[in-house]
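Colleague: Please take one part of this model and go through it closely. I would like the cut-offs along the way.

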Amino acid sequence: PAEAWIYGSEGTLRIEPEAKRLSGGRRGDKQLGEITIPAAQRIGWRVEEEFVNAIRGREKISHTTFEDGVRYMEFTDAVAKSAASGQAAEVREL
């Protein structure tokens with residue numbers, strides 16, 4: 001299953017997107033514990049949907065500016081080009 005680990009100086013997070021589970025621990029903890037996110041704070045991943053809907057005038061941007069959305073799409077396009085060609089793809093700097 002897919003998972004991501006984030007290691008920091010004060011603790012560790014483990015994200016399991018398919019199980020919709022977040023676990024974490026602080027420095028010194030013996031094991032990770034599940035972190036419950038209140039329903040009101042769960043928004044899911046909808047960056048692309050929000051960006052397109054904002055362009056179409058269907059919703060206001062609440063999390064990502066238009067400029068950030070363009071940069072994200074440029075980055076995503078560069079990743080696809082790099083994966084297809086096996087070569088590094090350039091992404092313009094801010």
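Modeller: What follows covers the sheet, strand by strand, and then a few of its residues.

The model is predicted: local features need pLDDT of at least 70, side-chain atom pairs count only at pLDDT 80 or more, and totals for chains, interfaces and linings use all residues. Residues are numbered from 1 along each chain as its sequence is written, and side-chain values use heavy atoms, with hydrogens and water left out.

Start with the overall layout. The sheet is open and has 4 strands (DSSP E runs of at least two residues, numbered from the N terminus). Their order is β1-β2-β3-β4, and the pairing is antiparallel (two strands pair if DSSP finds at least two bridges between them). The edges are held by β1 and β4, the latter spanning 33-34. Each of these has a single partner strand, so one side of each is left without a neighbour in the sheet. In general, strands of a sheet pair through backbone hydrogen bonds, parallel or antiparallel.

Now the β1 side. Strand β1 covers residues 4-7 and β2 covers residues 11-16. The two run antiparallel, with 4 bridges between them. The link from β1 to β2 is a hairpin of 3 residues. Across this pairing, Trp5 has Arg14 of β2 as its bridge partner.

Trp5 also takes part in the 1 aromatic pair of the structure. Its partner there is Tyr7: the ring centres are 6.0 Å apart and the planes lie at 10°, so the pair is stacked (centres within 6.5 Å, using the six-membered ring of Trp; planes under 30 degrees apart are stacked, over 60 edge-to-face, the rest tilted). How accessible are the two residues that carry these rings? Trp5 has 36% relative accessibility, so Trp5 counts as partly exposed (buried is under 20%, exposed over 50%, partly exposed in between, with a 1.4 Å probe and protein chains only). Tyr7 reaches 61%, so Tyr7 is exposed.

Next, the pairing of β2 with β3. Strand β3 is made of residues 21-26. Between β2 and β3 there are 6 bridges, and the sense is antiparallel. Opposite Leu13 stands Gly24 of β3.

The hairpin of β2 and β3 has 4 residues between the strands. Lys20 lies in this loop. Lys20 is not a glycine, yet its phi is positive, at about 50°. With 77% relative accessibility, Lys20 counts as exposed.

Finish inside β3. Ser23 belongs to this strand. Its relative accessible area is 8%, so Ser23 is buried. What does Ser23 touch, leaving aside its neighbours within four places in sequence? Its contacts (heavy atoms within 4.5 Å) are Thr12, Leu13, Arg14, Glu16, Leu32, Gly33, Glu34 and Ile35. Two names return here. Leu13 is the residue opposite Gly24, and Arg14 is the bridge partner of Trp5. Gly33 and Glu34 are also in that contact list, and residues 33-34 are β4, one of the edge strands.
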